Amino acid sequence: MSDHEAATRTAEAFHAVYGAAPAGVWAAPGRVNLIGEHTDYNDGFVMPLALPHTTVAAASARPDGVLRLHSGGADGGVVELVIDDLRPGPVATAGWAAYPAGILWAMREAGLPVGGADLHYESTVPTGAGLSSSAALEVVTALALNDLYGLGLDLQRLARLAQRAENAFVGVPCGIMDQTAAACCTDGHALFLDTRDLTRRQVPFDLAGEGLRLLVVDTCVKHELGDGAYAARRAGCERGARALGVRALRDVPYAHLPEALDRLADDPVVRGLVRHIVTENHRVEEVIARLDAGETRAIGPLLTAGHASLRDDFRISCAELDLAVDTAVAAGAVGARMTGGGFGGSAVVLVEEGDEKAVTTAVTDAFEAAGFVPPRVFTAVPSAGARRLV
Ligand code: GLA
């Protein structure tokens, strides 16, 4: 669907729900992460790219301090909230509405002059697939409110407000990668982000020009344990940093990894976490060096090595992700790895143009033979970040 079609459809749906035309329409994309996994809460490096799939919001300001939320994809009617009553924790805002409500709360907490609004959402970002549908929802809401109330905030600030909403209002201890990807990615590029100082660089990622394709394999698995396990990994990394006397694991140089691991000899779990983070930051730097040198194919083995590290050291893969990666590589993929938080969700697979079908079939057949739910496979094109459509 083009931006124009998405905007028209969403504006029409807004009109049907609220009885008037919206003041504007905005979009924010889902993402996949190319490399740099679980590094973002260790002050490290990440390299996501935006998907063509977007969450689109049609919205108008309201003068009465009421927030009304409606989604074309969710069951139930309009969620109506009084903005003065918004508090973090299990309030009236359960489910998807917690994300946009959290944005309004975070903006007000930051002292920004925002009031009520009517919002209607339509989304093509698959949910529960590890493709950051929640960050898309947060960032599109932040951008809409930014424009409706003339706040003049830049995209990175909006991303930070979105992370604050997710951490403090929704209660998910995520890093800054997904929100920055949704806000700041650009067409045809992967986004290199240093999550310590938030400096970023758009790295050209011209797959088509190189005769390559990036497939996304959604395993359709969402592990119940995911959230607690994410927090546990995060706490383990912090333990590792304390044990090594550094501010964050980002500060352990790759060249000093052997000594660091020696010092952690009596804590094998934390040792594995540290080894993953330090080698993963190094892999991000290697990927950038190869992309800068125009050697896109050469990033393949780094992606696959990243998967092994997430599987064996960070221990957040699952049987479906491992099968997707192993089968894709055996079927000729240039490289493959799980992407996102782990315990299910999606894998990214770099393939030669023309091999898409063979690799997809191999993975689908392997899932069938293993008795797994059929995966959903699509091609990712590095796409634009958040934007106003109308
Ligand atoms: C989730 C989080 C991100 C990041 C990834 C793992 O997507 O929201 O902040 O930690 O997991 O790289």
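**Note on the predicted model: ligand site, cores and one sheet**

1. A polar side-chain atom of Arg31 sits 3.1 Å from an oxygen atom of the ligand. This is a predicted model, and the distances in this note are to be read as such. Glu37 also brings a polar side-chain atom to an oxygen atom of the ligand, at 2.6 Å. Gly341 contributes through its backbone instead: an N or O atom there is 3.5 Å from a ligand oxygen atom.

2. Arg31, Glu37 and Gly341 belong to a longer list of residues around the ligand. The others are His38, Asp40, Tyr41, Cys174, Gly175, Met177, Asp178, Tyr230 and Gly340.

3. The largest nonpolar core has 45 residues, and the members touching the most others are Leu67, Leu86, Met107 and Leu119. Two or more residues come from each of β1 (24-35), β2 (45-62), β3 (66-71), α2 (98-109), β5 (116-123), α3 (133-148), α4 (155-170) and α5 (177-184).

4. Leaving aside residues up to four places away in sequence, Met107 is in contact with Leu112, Val114, Ala142, Leu145, Asn146, Leu151, Leu158 and Leu161.

5. There is also a second core, separate from the one above, with 38 residues. Among them are Cys237, Leu257, Ile316 and Cys318.

6. Four strands form an open sheet in the order β9-β10-β8-β11, paired antiparallel. Its edges are β9 (335-339) and β11 (376-380), each of which pairs on one side only. The average turn between neighbouring strands is 25 degrees, direction ignored.

7. Within that sheet, β8 (residues 212-222) and β10 (residues 344-352) share 8 bridges in the antiparallel sense. Leu212 has Glu352 of β10 as its bridge partner.

How values were computed
Residues are numbered from 1 along each chain as its sequence is written. This is a predicted model: local features need pLDDT of at least 70, side-chain atom pairs count only at pLDDT 80 or more; totals for chains, interfaces and linings use all residues. Side-chain values use heavy atoms; hydrogens and water are left out. A nonpolar core is a set of buried Ala, Val, Leu, Ile, Met, Phe, Trp, Tyr and Cys residues joined through side-chain atoms within 4.5 Å. Buried means under 20% relative accessible area, exposed over 50%, partly exposed in between (1.4 Å probe, protein chains only). Contact means heavy atoms within 4.5 Å. Two strands pair if DSSP finds at least two bridges between them. Axes are lines fitted to C-alpha atoms, for helices over the stretch in contact, and angles run from 0 to 180 degrees between N-to-C directions. A residue is near a molecule or strand if one of its heavy atoms lies within 4 Å of it. A polar contact is a pair of N or O atoms within 3.5 Å; within protein, one must be able to donate a hydrogen and the other to accept it, and residues adjacent in sequence count only if both atoms are side-chain atoms.
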